[in-house]
Amino acid sequence: PSKSDKISLVMGYGRASYGDNKLLDGGLPRSELRSECAYTLSVKMILIEAGELFEEFRTDLVEKAEWHKEVNPKLETPACRLAGAEEWLEGTDHIIETLQDASEKVGALGRLEPGKGVNKNKAYYEPNFVMSALFLARAKPNRIRTFLLNKYDIDPEMDAGECERALQAKAREILGRWEAALAGGRPFLCGDRPGLMDCRLVTKLYLAYQLVGSGLANLGSASFDEVAPLTYAYLDRWTRREAWVKAYGLGRGVSNGQLDVVTLRTTCNKFSKMCPELNEGLIVPALRFAREHAGSDAPLYHMHNSPRPPSKSDKISLVMGYGRA
């Protein structure tokens with residue numbers, strides 16, 4: 001509507017399968033929309049943790065809603081409108097800063113200061129860009145690759161192997177900052193409960209975890225939870241909060257090596273267009289791996305009949321009747 005008595009938030013959504021891309025979906029049927037954009041989810045997490053009333057409007061990040069351009073000419077998310085206002089705000093940082101000023105509840109969340117020894121600059125902890133750069137280390141030259149490598153003072157002309165090793169060191173350095181911030185038993189960056197800084201960073205950390213866990217970003221010989229055990233525990237703690245489940249929906253966590261197919265399908269779609277030379281060797285295998293390690297509530301769980309049972313088994317075998325909505 002042109003106005004509302006509640007805060008309005010345009011959310012970016014994605015699907016675990018679009019059913020129309022043979023390379024990425026491999027014949028799987030189209031699945032339902034689920035919240036996906038890490039930047040929008042950070043705003044939503046802030047509103048939920050603050051206890052602020054808001055309404056949500058979905059736009060598919062691949063097949064944008066027809067009204068999306070009226071709200072945001074660049075077709076980006078998030079977009080946010082204050083209660084009673086007509087103007088739509090854009091830019092995640094601008095939206096959050098405006099909400100802090102306009103909402104007493106969000107302002108109170110912002111007053112939860114990061115603990116002693118925690119750097120107040122959120123960019124100090126942002127891990128998603130370096131993980132994306134790690135993916136791009138072995139790609140052919142392109143504009144985004146050049147930008148990200150330059151961001152970390154790495155020569156884009158460097159040998160791919162050397163480039164990857166340099167980025168691995170940068171990634172481990174950033175995860176090391178998280179480990180230092182969470183040392184001493186602090187549950188969240190802002191103390192016993194998440195503050196604004198936690199909400200702004202956790203969705204990016206979750207995206208970084210997906211890139212590493214799927215194999216799109218290579219940390220080296222160790223897994224994410226081995227490199228950053230306190231950070232992994234922080235993520236796991238977050239995914240059990242009510243705000244997380246309300247923002248992301250059921251079945252999206254990190255326990256037991258679980259991966260998020262919705263997040264990775266959207267990411268792989270972008271990467272596939274940017275770096276088609278990495279499709280067969282990296283992107284498709286990573287997405288296949290994610291589907292094999294999705295949680296039990298994930299949208300693509302049990303989409304097809306089982307393969308033929310073996311002629312014998314050392315366990316009791318049960319043929320179950322299934323149905324579909």
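This report describes the largest pocket of a predicted model, a helix that lines this pocket, and several individual residues.

The model is predicted, and for that reason local features are given only where pLDDT is at least 70 and side-chain atom pairs only at pLDDT 80 or more, whereas totals for chains, interfaces and linings use all residues. Residues are numbered from 1 along each chain as its sequence is written, and side-chain values use heavy atoms, with hydrogens and water left out.

## The largest pocket

The largest pocket has a volume of about 1000 Å³. A pocket here is an open set of points, on a 1 Å grid over the protein atoms alone, where a 1.4 Å probe fits and which has protein on both sides within 12 Å along at least five of seven lines, and its lining residues have an atom within 4 Å of a point. The volume is the space filled by probe spheres set on the points, which are joined across faces, edges and corners. Of the 37 residues that line the largest pocket, Cys37, Tyr39, Phe129, Leu207 and Lys270 are the closest to its centre. Two or more lining residues come from each of helix H2 (38-50), helix H6 (128-136), helix H7 (143-151), helix H9 (196-214) and helix H13 (261-274); these elements are DSSP runs numbered from the N terminus, with helices (H or I) of at least four residues and strands (E) of at least two. The lining divides into 18 nonpolar, 11 polar and 8 charged residues, where Ala, Val, Leu, Ile, Met, Phe, Trp, Tyr, Cys and Pro count as nonpolar, Asp, Glu, Lys and Arg as charged, and the others, Gly among them, as polar.

## Helix H13

H13 gives the most to the lining of the largest pocket, with 8 residues. The 14 residues of H13 should span 20 Å at 1.5 Å a residue, and its end C-alpha atoms are 19 Å apart, which agrees; the expected span is 1.5 Å times one less than the number of residues. Because 11 of its 14 residues are buried, H13 is largely enclosed by the rest of the structure. Buried means under 20% relative accessible area, exposed means over 50%, and partly exposed lies in between (1.4 Å probe, protein chains only). Among the buried residues of H13 are Val261, Leu264, Arg265, Asn269 and Phe271. The buried residues of H13 pack against strand E1 (7-15), helix H1 (22-25), strand E2 (33-35), H6, H9 and helix H14 (279-292), a contact being heavy atoms within 4.5 Å. At the N-terminal end, H13 is capped by Asp260, which has a side-chain oxygen 3.1 Å from the backbone nitrogen of Val262.

## Buried polar and charged side chains

Glu164 belongs to helix H8 (residues 160-182) and is buried, with a relative accessible area of 9%. Beyond its neighbours within four places in sequence, Glu164 is in contact with Leu134, Ala137, Arg138 and Asn218. The C-alpha atoms of Glu164 and Ala137 are separated by 5.4 Å, although the two are 27 residues apart along the chain. With Arg138, the side chain of Glu164 makes a side-chain polar contact at 2.9 Å; such a contact is a pair of N or O atoms within 3.5 Å, and within protein one must be able to donate a hydrogen and the other to accept it, while residues adjacent in sequence count only if both atoms are side-chain atoms.

Ser4 lies in the segment before E1 and is buried, with a relative accessible area of 11%. A polar atom of its side chain is 3.1 Å from the backbone nitrogen of Lys6, and, leaving aside neighbours within four places in sequence, Ser4 is in contact with Glu55, Arg81, Ala83 and Gly84.

## Loops and backbone geometry

The peptide bond from Thr77 to Pro78 is cis, with omega near 5 degrees, and Pro78 is found in the loop between helix H3 (68-71) and strand E4 (79-81). Two residues that are not glycines have a positive phi, and the table sets them out.

| Residue | Phi | Loop | Relative accessible area |
|---|---|---|---|
| Asp153 | about 60 degrees | between H7 and H8 | 71%, exposed |
| Asn256 | about 60 degrees | between helix H12 (242-248) and H13 | 80%, exposed |

Gln258 also lies in the loop between H12 and H13, but Gln258 is buried, with a relative accessible area of 12%. Not counting residues up to four places away in sequence, Gln258 touches Tyr209, Gly251, Arg252, Gly253, His293, Ala294 and Gly295.
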